[in-house]
Amino acid sequence: RDLTEIAPVYFVYGNHEERLCYEICGEYKKAFDEAIRGLGAHMLRNERIPLIKRGEDTGIDLQGLELPIDYYVKFHKNELTDAALERMAGRPDPSRYTVLLTHSPVYGDRYMDWGADLSVPLRACARGAHAAAGGGRRHGDRAESVSQIQRRSVHR
């Protein structure tokens, strides 16, 4: 709750929430969602919202991406197609800067191909080294995932 007193807090479902909802959905999901909202966090379940600062539109959209449980299979990377991404998240507005909030860093390159200007994989798991592995940024028509940026900096 302390974070929500400082700044807006945004939440996207990850593999644990998806797995629990897949296995025992219904009342758990409803109670979980209510608890998160009760803390003052904004849930972005494949939703896009504009960032507003002091009553003014910043030109930045936050897009939540909730991947179905099928995309969290260990040792197997399911293909995340353009059609699947568009079905879940629509298309970003090219006139705005889109920050994609998701849980899985595995599809970082796909997020950038989709049109995210910045992808931020939100992971609270104890895998700190992997926390930003799928993030990335876009410069004009060129997009780079964090892994591309890291590889380039290692080879300098």
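D33 sits at a relative accessible area of just 8%, so it counts as buried (buried means under 20% relative accessible area, exposed over 50%, and partly exposed in between, with a 1.4 Å probe and protein chains only). The structure here is a predicted model, in which local features need pLDDT of at least 70, side-chain atom pairs count only at pLDDT 80 or more, and totals for chains, interfaces and linings use all residues. Residues are numbered from 1 along each chain as its sequence is written, and side-chain values use heavy atoms, with hydrogens and water left out.

D33 belongs to helix α3, residues 27-38 (helices, H or I with at least four residues, and strands, E with at least two, are DSSP runs numbered from the N terminus). Once neighbours within four places in sequence are set aside, D33 is in contact with Y13, M43 and R45 (contact means heavy atoms within 4.5 Å). Y13 is 20 residues from D33 in sequence, and their C-alpha atoms are 9.8 Å apart in space.

With R45, D33 also makes a salt bridge through the side chains, at 3.2 Å from N to O (a salt bridge is a side-chain nitrogen of Lys or Arg within 4 Å of a carboxyl oxygen of Asp or Glu). D33 lies in helix α3 while R45 lies in the loop between β2 and β3, so this pair ties together parts that are 12 residues apart in sequence. R45 is partly exposed, at a relative accessible area of 23%. Add E66 and there is a little network, with D33, R45 and E66 linked by salt bridges.

Searching the whole structure turns up seven salt bridges. Another of them pairs D61 with R96, the closest N and O atoms being 2.7 Å apart. Here D61 comes from strand β4 and R96 from the loop between α4 and β5, so the pair ties together parts that are 35 residues apart in sequence. D61 is buried at 6% relative accessibility, and R96 is buried too, with a relative accessible area of 19%. The side chain of R96 also reaches that of D57 in a polar contact of 2.9 Å (a polar contact is a pair of N or O atoms within 3.5 Å; within protein, one must be able to donate a hydrogen and the other to accept it, and residues adjacent in sequence count only if both atoms are side-chain atoms). Leaving out neighbours within four places in sequence, the residues in contact with R96 are P50, D57, G59, I60, D61 and D117. E86 and R91 form a salt bridge as well, with 3.6 Å between the closest N and O atoms; E86 is partly exposed at 36% relative accessibility, as is R91 at 43%.

What about the greasy parts? The largest nonpolar core has 15 residues, and those with the most contacts inside it are L65, L67, Y71, L80, M88 and Y111 (a nonpolar core is a set of buried Ala, Val, Leu, Ile, Met, Phe, Trp, Tyr and Cys residues joined through side-chain atoms within 4.5 Å). Two elements, α4 (82-89) and α5 (108-114), give two or more residues to this core, and α4 gives the most, with four. Y71 touches N78, E79, L80, A84, M88 and Y107, not counting residues up to four places away in sequence. A second, separate core of six residues includes F11, Y13, F32 and I36.

Helix α4 has two faces worth a look. Its buried residues are A84, L85, M88 and A89. They span an arc of only 100° around the axis, which puts them on the same side of α4 (the arc is that of the directions from the helix axis to the C-beta atoms). On the other side of α4, A83 and R87 are exposed. The cover over the buried residues of α4 includes β3, β4 and α5.

Some backbone angles also stand out. Most residues other than glycine have a negative phi. N46, in the loop between β2 (42-43) and β3 (48-53), has a positive phi of about 60° although it is not a glycine. R54, also not a glycine, has a positive phi of about 50°; R54 is in the loop between β3 and β4 (56-64) and is exposed, at 76% relative accessible area.

As for the whole protein chain, there are six helices and eight strands, and buried residues make up 37% of the 156 residues.
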